[in-house]
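The following exercises concern aromatic contacts, a surface patch and helix geometry. Each task is followed by a solution in steps.

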Amino acid sequence: MGFFDRLANAWYIFTKSLSFIGRDKSLLVIPFLLIFSVIIFCILFFFLFPISFLLASKTGVAINVSISIIANFLIFILFIYVWTTFLGAAQSWMVHEVAQGKNTKVLSGLKRAIKNILDILLFSLVELLITILISSLRRKGGLLRAAGGFIGLITGIAGKLVLPAMIVTERNFIESVKQLGKAIKIIPEIATFEIGIRPLTSLITWISLGIAFLFGFAFGFATGIIIFIILISIVIMFSILINQIYYTLLYLTMIEKKKVPGLKLSR
């Protein structure tokens, strides 16, 4: 298989990912729910956390502030990881159903995610531990900082393949991680998407900022801020959805070797 065939594979999967959005609007629900819920959870955390300290101080409970802050923050981050992974798992299953020619439903995705909840918990815990390691390396600077960035890039991509492996097959988390060895064969498709296609979302973000600035200049600052928030939310939703669809289809077609109607790839 030639170099241009691999580029064509990535482009075909990307265009197919776009067509999935138009084929079944249910796929839009999960990214919206993810963004909205994470915002609500963050607001609740930063609002309730100081209140818990005030209540503890009034009841005379001794608190080690620094340890308490770190512990509460780690618990909150783990919760966010579990929640976003749970929704990502539901989305992956929904994409799998659309790839099979079915009309998917959010409830179907959520049921599948619940079935794999133990794997999702393990996935999220490992993700948190890797994030802590990366943060530690980045604080040291120099080559260790670069190593942290590289580890973050590799584990981020690996996670996008492990998730559909857990959800669309009967493999557990450990078995899905072991299967990553097969991903070496699809590095060109991964690199094309990560380097050539996905950065388009950054360009769209800057365009959104420019549009918001023009609206703000023409109709006032408040209008510009509202337009910017709306456009950025749309961009984030689109990015989350395309990432999930692309890597699920990539896994199904290039690793599982399953046929997706309308998607012809070079192998």
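Rings of Phe, Tyr and Trp, the last taken by its six-membered ring, pair if their centres lie within 6.5 Å. The model is predicted, and a search of the whole structure finds 11 aromatic pairs.

**Exercise 1.** Classify the aromatic pair formed by Trp 11 and Phe 14.

*Solution.*
Step 1. The ring centres of Trp 11 and Phe 14 are 5.5 Å apart, and the angle between the planes is 45°.
Step 2. Planes under 30 degrees apart count as stacked and those over 60 as edge-to-face, with the rest tilted; the pair of Trp 11 and Phe 14 is therefore tilted.
Step 3. Both residues belong to helix 1 (residues 3-23), where a spacing of three residues separates them by about one helical turn. An α-helix has 3.6 residues a turn, so residues three or four places apart point the same way.
Step 4. Buried means under 20% relative accessible area and exposed over 50%. Trp 11, at 46%, is partly exposed, whereas Phe 14, at 9%, is buried.

**Exercise 2.** Determine the geometry of the pair Phe 41 and Trp 83, and state where in the chain each residue lies.

*Solution.*
Step 1. The centres are 6.0 Å apart and the planes meet at 80°, so Phe 41 and Trp 83 are an edge-to-face pair.
Step 2. Phe 41 lies in helix 2 and Trp 83 in helix 3 (residues 65-99); with their positions 42 residues apart, the pair links distant parts of the chain.
Step 3. Phe 41 has a relative accessible area of 24% and is partly exposed; Trp 83, at 22%, is also partly exposed.
Step 4. Phe 41 and Trp 83 join Phe 79 and Phe 86 in one aromatic cluster.

**Exercise 3.** Describe the nonpolar surface patch that includes Phe 36.

*Solution.*
Step 1. The patch consists of Phe 32, Phe 36, Ile 39, Ile 40, Ile 43, Leu 44, Phe 47 and Leu 48.
Step 2. Together these residues have about 800 Å² of accessible area.
Step 3. Phe 36 is located in helix 2 (residues 29-58), and a relative accessible area of 48% makes Phe 36 partly exposed.

**Exercise 4.** Compare the span of helix 10 with its expected value, and examine the backbone just after this helix.

*Solution.*
Step 1. Helix 10 (residues 221-255) contains 35 residues.
Step 2. From first to last C-alpha, helix 10 reaches 49 Å, close to the 51 Å expected at 1.5 Å a residue.
Step 3. Just after helix 10, Lys 257 adopts a positive phi of about 60°.

How values were computed: Residues numbered from 1 in each chain as written. Predicted model: local features only at pLDDT ≥ 70, side-chain atom pairs only at ≥ 80, totals over all residues. Heavy atoms only, no water. Helix = DSSP H or I, 4+ residues; strand = E, 2+ residues; numbered from the N terminus. Expected span 1.5 Å × (residues − 1). Patch = residues over 30% accessible without salt bridge, like charges linked within 9 Å, V, L, I, M, F, W, Y side chains within 5 Å. Areas by Shrake-Rupley, 256 points an atom, 1.4 Å probe, with all protein chains shown as cover. Salt bridge = Lys/Arg side-chain N within 4 Å of Asp/Glu carboxyl O. Buried < 20%, exposed > 50% of the residue type's maximum accessible area, 1.4 Å probe, protein only.
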